[in-house]
Amino acid sequence: MKGQIDLTEADSVRKSQATSDIQKTAQDLLKNTFTSEPDKQLLNSDLAKIIEAKTEKSVNSAVKALNATISDTQKHNKPAADKAKADRQAAEAAQTVQAQAASAANINNTAANKWAIENGYNWHNRKGHSTVIPPGGSLPPGYHWQVP
């Protein structure tokens with residue numbers, strides 16, 4: 001007889017843990033930005049039924065309904081989450097391309113010497129107001145890069 005009581009208590013603990021886990025999953029979906037308002041209403045309704053349940057049978061029934069709602073909500077969320085992920089990846093790819101283009105356009109990224117011309121002067125009147133900068137060298141203050 002004692003063994004049966006312990007088993008019943010163990011089942012109760014497992015059921016309450018399972019109920020707690022399913023409620024946590026529902027709460028996470030309620031916070032999810034991809035969950036629609038109708039799905040949120042269904043989740044809240046099913047959560048309320050679990051809280052209001054008085055018997056083990058009604059708790060189990062409410063948990064089963066909540067499980068189904070969670071499954072449906074996750075199916076609804078997946079396309080939106082996949083689209084957001086694809087958009088995020090496209091934006092990251094575009095940023096990478098822009099960064100590579102900016103790097104390639106950087107006048108000082110080649111292995112050749114470059115001209116630095118004093119501000120206010122150009123390639124045609126640079127005499128005495130320019131200097132050659134070795135590869136990787138920095139632009140002196142008051143000068144700008146000039147490509148011949």
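## Salt bridges

In this predicted model, the count of salt bridges comes to 4. Side chains of opposite charge can pair when their charged atoms come close. Three of the pairs are set out below, each with the closest approach of nitrogen to oxygen.

| Pair | N to O distance | Helix |
|---|---|---|
| Lys 24 and Asp 28 | 3.2 Å | helix 1 (residues 2-31) |
| Glu 37 and Lys 40 | 3.9 Å | helix 2 (residues 37-52) |
| Lys 83 and Asp 87 | 3.1 Å | helix 3 (residues 56-105) |

Lys 24 and Asp 28 are 4 residues apart in helix 1, about one turn of the helix. Lys 24 counts as exposed because its relative accessibility is 53%, over the 50% cut-off. Asp 28, at 38% relative accessibility, counts as partly exposed.

Glu 37 and Lys 40 both belong to helix 2, where a spacing of 3 residues amounts to about one turn. Their side chains meet at 3.9 Å, N to O, and the limit for a salt bridge is 4 Å.

In helix 3, Lys 83 and Asp 87 are separated by about one helical turn because they lie 4 residues apart. Lys 83 has a relative accessibility of 53% and is therefore classed as exposed. Asp 87 has 41% and is therefore classed as partly exposed.

## Overall organisation

The chain contains 3 helices and 3 strands. In sequence order these elements follow the pattern α-α-α-β-β-β. Of the 148 residues in the chain, 18% are buried. The exposed surface of the chain is about 10,500 Å², and carbon and sulfur atoms contribute 56% of this area. Among contacts with a separation of 6 or more, 49% join residues that are 24 or more positions apart.

## The nonpolar core

The largest nonpolar core comprises 11 residues: Ile 22, Ala 26, Leu 29, Leu 30, Leu 43, Leu 47, Ile 50, Ala 62, Val 63, Leu 66 and Ile 70. Helix 1, helix 2 and helix 3 are the elements that each give two or more residues to this core.

One of the core residues is Ile 50. Apart from neighbours within four places in sequence, Ile 50 is in contact with Thr 19, Gln 23, Ala 62, Val 63 and Leu 66. Ala 62, Val 63 and Leu 66 are also listed in the core.

Asp 46 is a residue of helix 2. With a relative accessible area of 7%, Asp 46 is buried, because the cut-off for burial is under 20%. When residues up to four places away in sequence are set aside, Asp 46 touches Ala 65, Leu 66 and Thr 69. Leu 66 thus appears among the contacts of Asp 46 and among those of Ile 50. The C-alpha atoms of Asp 46 and Ile 70 are 9.7 Å apart in space, while the two residues are 24 apart in sequence. Ile 70 is itself a member of the core.

## The sheet

Strands of a sheet pair through backbone hydrogen bonds, either parallel or antiparallel. Here the 3 strands form an open sheet in the order 2-1-3, with antiparallel pairing. Strand 2 and strand 3 stand at the edges, and each has a single partner strand, so one side of each lacks a neighbour in the sheet. From one strand to the next the twist averages 35°.

Strand 1 (residues 114-118) and strand 2 (residues 130-133) run antiparallel and are joined by 4 bridges. Within this pairing, Ala 116 has Thr 131 of strand 2 as its bridge partner, and Trp 115 has Val 132 of strand 2. Strand 1 also pairs in the antiparallel sense with strand 3 (residues 143-146), over 4 bridges. Gln 146 of strand 3 stands opposite Trp 115. Trp 115 is accordingly matched with Val 132 in strand 2 and with Gln 146 in strand 3. In a regular strand the side chains alternate between the two faces of the sheet.

How values were computed:
Residues are numbered from 1 along each chain as its sequence is written. This is a predicted model: local features need pLDDT of at least 70, side-chain atom pairs count only at pLDDT 80 or more; totals for chains, interfaces and linings use all residues. Side-chain values use heavy atoms; hydrogens and water are left out. Buried means under 20% relative accessible area, exposed over 50%, partly exposed in between (1.4 Å probe, protein chains only). Contact means heavy atoms within 4.5 Å. Accessible areas come from the Shrake-Rupley method with a 1.4 Å probe; for residues, only the protein chains shown count as cover. Two strands pair if DSSP finds at least two bridges between them. A nonpolar core is a set of buried Ala, Val, Leu, Ile, Met, Phe, Trp, Tyr and Cys residues joined through side-chain atoms within 4.5 Å. Axes are lines fitted to C-alpha atoms, for helices over the stretch in contact, and angles run from 0 to 180 degrees between N-to-C directions.
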